[in-house]
Amino acid sequence: MSTRVIGAASLARDLGQWRSADEGGESGESRRSARPAYLALAEGIRLLIHDGRAPLGVALPSERDLAATIGVSRTTITSTYALLREHGYLISRQGSRSTVALPPAIQHDGAKPARSILALMAQPELPTIDMTYAAMAAPLEMQDAYSTALQGLPPYLMTHGMDPVGVLALREAVARRYTERGLPTGADQILITLGAQHGLRLLLNVLTAPAARVLIDHPTYPNAIEAIRDVGARPVPVPLRPETPGSGWDLDGIRSAARQTAATLAYLVPDFNNPTGLLLGAEGRAELAAIARDTRMTVVIDESMMDLHLTDATPPPPVAAFAKGTEIVTIGSASKSFWGGLRVGWIRTNQALITKLLGIRSTVDLGTPVMDQLATTYLLEHADAILDRRRGQLLSQRAALLTAVTEELPDWRVTTGAGGMSVWAQLPAPVSTALAATAPNHGVLLAAGPRFGVQGAFERFLRLPFTHPEPELRLAVKSIAAAYQALTPRAADPLQPLTCY
């Protein structure tokens, strides 16, 4: 299989203003006091490698193409690549392109993302605020939902209670919501699962094979990366651009990656991506569906965050509404909308795939608990009032979090998306893992940025959920600031500049 290559236009777009204002071009008075252009360019590419924009193992553009695209001499590109090679950021093989790497001195886990800090350390002595999860407490209606479910339970007690497809009333309620959003759906197109994660795992078991490539957003939901790896498949990252919310998805990159890697499956979160909160618009959804058709790739769309839009704009229709066949499969969940303890999700797809999924499911479990399904049916029937209140709560909590970050960590850059439950913060230095390690000593638990990517990316990033009450969020940010200040001066410094001899 040929090596995946980053296009020159894509790399140039991600580099942005890679020369500072005082550096100027390659000629003229301003250049006399500036760093050489090749050094500035090398440092720009290195930051993209650390931030996951240039994934490990991917080839950079040819010297000729990149020189023409960014308007420098080919000698400049040759010197740039040589410097990156010297410092371990590129690996060259005879007769092959130079591919992206990380120097051996930089610690990273190329096989699995870093696991939660909770699994790596003993419980701290002082009370802590757990910022490793993005989920809200149950709504007030949860008790009514289970009371109503208990009243509706007697008819099911006369059966064995094991239905791998799902209770008809819930499947009808889920189908009705899709229809109301612009995607006509029948109950026979819905399979009820034990949450979206369970649905994804069932799909991976049916739609992938060992060593198969699966395209993913980068960053993305950590447990999805784990699930892909656990079935023996290989996640192929396609970088997001949180700094440009209107065009956060590199659709050209998705098309190119699908063709270059022969990926037959993708897992994407276009509805308030976790962790960035980005939303893919209607035009992008139409193009994504077209890419899936053109490349014969099945795209699994995770709509777990779909209900959590935090702007006045009307959310776009489901991605599957733009499909012309079976190229789009959708998974959803009640966990983010209502309560994490409610382990109910669903898959929307065609009946042929549901039949295959049921064959796999019988080896894993025998169905979703009836009580939980009936409670979810009640919640969906009362969803408008519940979700309006929860969205208002999230908006208020997000504002409190952003204000606290501005006050306590003014040199951090925070990107807010159109919805979801978290913001994506960029740190001045690549110390996310170190910060997560020391934060428990200051009363807060954090999920380091590399958990949301592959191959050691996102050491300059941190997910900050805003699902806690406002006083807890303010205290959490104060604790994070204290932990950040406690890092050694060397660790808190920005990336050291590349040296040339």
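## Overview

Helices here are DSSP runs of H or I with at least four residues, strands are runs of E with at least two, and both are numbered from the N terminus. The structure is a predicted model. On that basis, the secondary structure of the chain comes to 17 helices and 14 strands.

The chain has 501 residues, of which 54% count as buried. About 21200 Å² of the chain is exposed, and carbon and sulfur atoms supply 54% of that area. Taking the contacts between residues at least 6 apart in sequence, 76% join residues at least 24 apart.

## The N-terminal segment and helix 1

G7 sits in the segment before helix 1, which covers residues 8-15. Its relative accessibility is 35%, and because partly exposed means between 20% and 50%, G7 falls in that class. The C-alpha atom of G7 is separated by 8.7 Å from that of S256, although the two residues are 249 residues apart along the chain.

Helix 1 itself is mostly covered, with six of its eight residues buried. These are A8, S10, L11, A12, D14 and L15. They pack against two other elements, helix 2 and helix 3 (63-70). Just after helix 1 comes G16, which takes a positive phi of about 60 degrees.

## Helix 2 against helix 4

Helix 2 also takes part in a helix-helix contact. Helix 2 (residues 37-50) packs on helix 4 (residues 74-86) at an angle of about 50 degrees, and the two axes are 8 Å apart. An angle from 35 up to 65 degrees is neither roughly parallel nor roughly perpendicular, so helix 2 and helix 4 are oblique to each other. The crossing of helix 2 with helix 4 is right-handed.

On the helix 2 side, the contact is made by A37, Y38, L39, L41, A42, I45 and R46. Helix 4 contributes T76, I77, S79, T80, Y81, L83 and L84. By class, the residues of this contact divide into ten nonpolar, three polar and one charged. An α-helix has 3.6 residues a turn, so residues three or four places apart point the same way.

## Helix 5 against helix 13

A second packed pair joins helix 5 (residues 142-151) and helix 13 (residues 370-381), whose axes come within 8 Å and cross at roughly 120 degrees. Angles of 65 to 115 degrees would count as roughly perpendicular and those over 145 as roughly antiparallel; helix 5 and helix 13 are therefore oblique to each other. The handedness of the crossing between helix 5 and helix 13 is right-handed.

Helix 5 enters the contact with M142, D144, A145, Y146, T148, A149 and L150. They meet M371, D372, L374, A375, Y378 and L379 of helix 13. The residues in the contact of helix 5 with helix 13 comprise ten nonpolar, one polar and two charged.

## Backbone features in loops

Two residues on either side of strand 5 have notable backbone geometry. A211 has a positive phi of about 75 degrees although it is not a glycine. This residue is found in the loop between helix 8 (196-207) and strand 5. With 33% relative accessibility, A211 counts as partly exposed. The loop between strand 5 (213-218) and helix 9 (222-230) holds P219. The peptide bond from H218 to P219 is cis, with omega near 15 degrees.

F458 is another residue other than glycine with a positive phi, here near 70 degrees. Its place is in the loop between strand 13 (444-446) and strand 14 (461-465). The relative accessible area of F458 is 2%, and because the limit for buried is under 20%, F458 is buried.

## E287 in helix 11

E287 belongs to helix 11, residues 282-295. With a relative accessible area of 30%, E287 is partly exposed.

Leaving aside residues up to four places away in sequence, E287 touches L251, D252 and R255. Between the C-alpha atoms of E287 and A323 the separation is 9.9 Å, and these two residues are 36 residues apart along the chain.

Conventions. Residues are numbered from 1 along each chain as its sequence is written. This is a predicted model: local features need pLDDT of at least 70, side-chain atom pairs count only at pLDDT 80 or more; totals for chains, interfaces and linings use all residues. Side-chain values use heavy atoms; hydrogens and water are left out. Axes are lines fitted to C-alpha atoms, for helices over the stretch in contact, and angles run from 0 to 180 degrees between N-to-C directions. A crossing is left-handed if the near helix is turned anticlockwise from the far one by less than a right angle, and right-handed if clockwise. Contact means heavy atoms within 4.5 Å. Ala, Val, Leu, Ile, Met, Phe, Trp, Tyr, Cys and Pro count as nonpolar, Asp, Glu, Lys and Arg as charged, and the others, Gly among them, as polar. Buried means under 20% relative accessible area, exposed over 50%, partly exposed in between (1.4 Å probe, protein chains only). Accessible areas come from the Shrake-Rupley method with a 1.4 Å probe; for residues, only the protein chains shown count as cover.
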